[in-house]
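Me: I am new to this structure and would like a close look at a single part. Please pick one helix and the sheet beside that helix, and take me through them slowly.

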Amino acid sequence: MNPRLDQPLRLGTRRSKLAMSQSGHVADAVRAITGRPVELVEITTYGDVSRENLAQIGGTGVFVTALREALLRGEVDFAVHSLKDLPTAQPEELVIAAMPLREDPRDALVARDGLTFEQLPDGARIGTGSPRRTAQLNHYARALGKRIETVAIRGNVDTRIGFVRDGELDAVVLAAAGLNRIGRGDEATDLLSVDSVLPAPGQGALAVECLASNTELIASLAELDDPHTRAAVTAERSLLAALEAGCSAPVGALADLLADGQVVNEMRLRGVVGTLDGSTLVQLSTTGPVPQSYDEAMALGRELADEMLAKGAAGLMGERSL
């Protein structure tokens, strides 16, 4: 027997319940593909221990740095990230070997008394740590002729939903994918339509990352890759990068695959950027053939970003810290 088959692959993961669940699903798939044991290596990131506002400590990239450092030091063989946490610039030494099939990309509302967003009372207090959600929720409320108060919150799923259970907030907004992955999707009282609230670029997708030099592992992990997911999130992240928006900027994006019967033949990319109070949004979309390469997906995102910048998007992102 090949002795290497006995040697466990080490999967680096954040310690949160959600991260452990996501990583556990990937570990099961990698065991099935490689025939090797996979052990989870828990790594604490600065984003996990800091209680500061995400935008102030460098955006969501703070969840990624410690995992990447462990990869580069050889302490783990591969790592699983929530794709929306990854900075748009990719280090040369590392490669995203797989983007598995995407979960539901939408945002979910968890409100008191089973309320939907449209049923929330005027002046409702809604918790979110995301400038993107803040801008679009305020805009959505304005369109309904009411006012909401967004409250900056941090913490894991239990902590956030606890604010509603304890009566401190009327509702919180979380990623539907996260709730689904920990088996709590039924706690959502409303799934926010992407026509009203576009998700973060890459929301609902995972990135499986390893050393660019580990060609054998790259080949194994590639079996987990979903090409449609990769094309969609590459276009979304290209839009984000071309807008020169840090992770803390109020940018939403979603690429939909449009099918004619059973054949997927087009991709629609939508992007939005807005002021935090929701008074002004620039929201545009473009539709074209499904990208067949990384370069085509990147081009789709850049083209839409250029149109958004021409419509004044840059001025709306002035609230981010440079």
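Reply:
**A helix and its sheet**

Just after helix α9, Gly312 takes a positive phi of about 100°. Helices here are DSSP runs of H or I with at least four residues, strands are runs of E with at least two, and both are numbered from the N terminus. The model is predicted, so that local features need pLDDT of at least 70 and side-chain atom pairs count only at pLDDT 80 or more, while totals for chains, interfaces and linings use all residues. Residues are numbered from 1 along each chain as its sequence is written, and side-chain values use heavy atoms, with hydrogens and water left out.

Start with the helix itself. At 1.5 Å a residue, the 17 residues of α9 should span 24 Å (1.5 Å times one less than the number of residues). The C-alpha atoms at the ends of α9 are 25 Å apart, which agrees with that span.

Which residues of α9 are buried? They are Ala297, Met298, Leu300, Gly301, Leu304, Ala305 and Met308, where buried means under 20% relative accessible area, exposed means over 50% and partly exposed lies in between, for a 1.4 Å probe and protein chains only. Looking down the axis of α9, these buried residues fall within an arc of 155°, so they line one face of the helix; the arc is that of the directions from the helix axis to the C-beta atoms. On the other side of α9, the exposed residues are Asp295, Asp306 and Ala310.

Now the sheet. The order β11-β12-β13 describes an open sheet of 3 strands with antiparallel pairing, two strands being paired if DSSP finds at least two bridges between them. β11 (251-260) and β13 (281-289) are at the edges with a single partner strand each, so each has one side without a neighbour in the sheet. With direction ignored, neighbouring strands of this sheet are turned against each other by 15° on average. Axes are lines fitted to C-alpha atoms, for helices over the stretch in contact, and angles run from 0 to 180 degrees between N-to-C directions.

Strands of a sheet pair through backbone hydrogen bonds, either parallel or antiparallel. Here β12 (residues 263-274) and β13 run antiparallel and are joined by 9 bridges. Opposite Arg270 stands Ser285 of β13.

How do helices lie on this sheet, and at what angle to β11 does α4 run? Helix α4 (residues 131-143) lies across β11, β12 and β13 and runs at about 75° to β11. Helix α9 (residues 294-310) packs on the sheet too, touching β12 and β13, where contact means heavy atoms within 4.5 Å. The direction of α9 makes about 35° with that of β12.

One residue shows how helix and sheet meet. Thr286 is found in strand β13. Is Thr286 buried or exposed? At 17% relative accessibility, Thr286 counts as buried. Neighbours within four places in sequence aside, Thr286 is in contact with Met267, Arg268, Leu269, Leu300 and Leu304. Leu300 and Leu304 are among the buried residues of α9, while Met267, Arg268 and Leu269 fall in the stretch 263-274 of β12.

To go over the part once more: α9 has its buried residues on one face, packs on the sheet against β12 and β13, and is followed by Gly312 with its positive phi.
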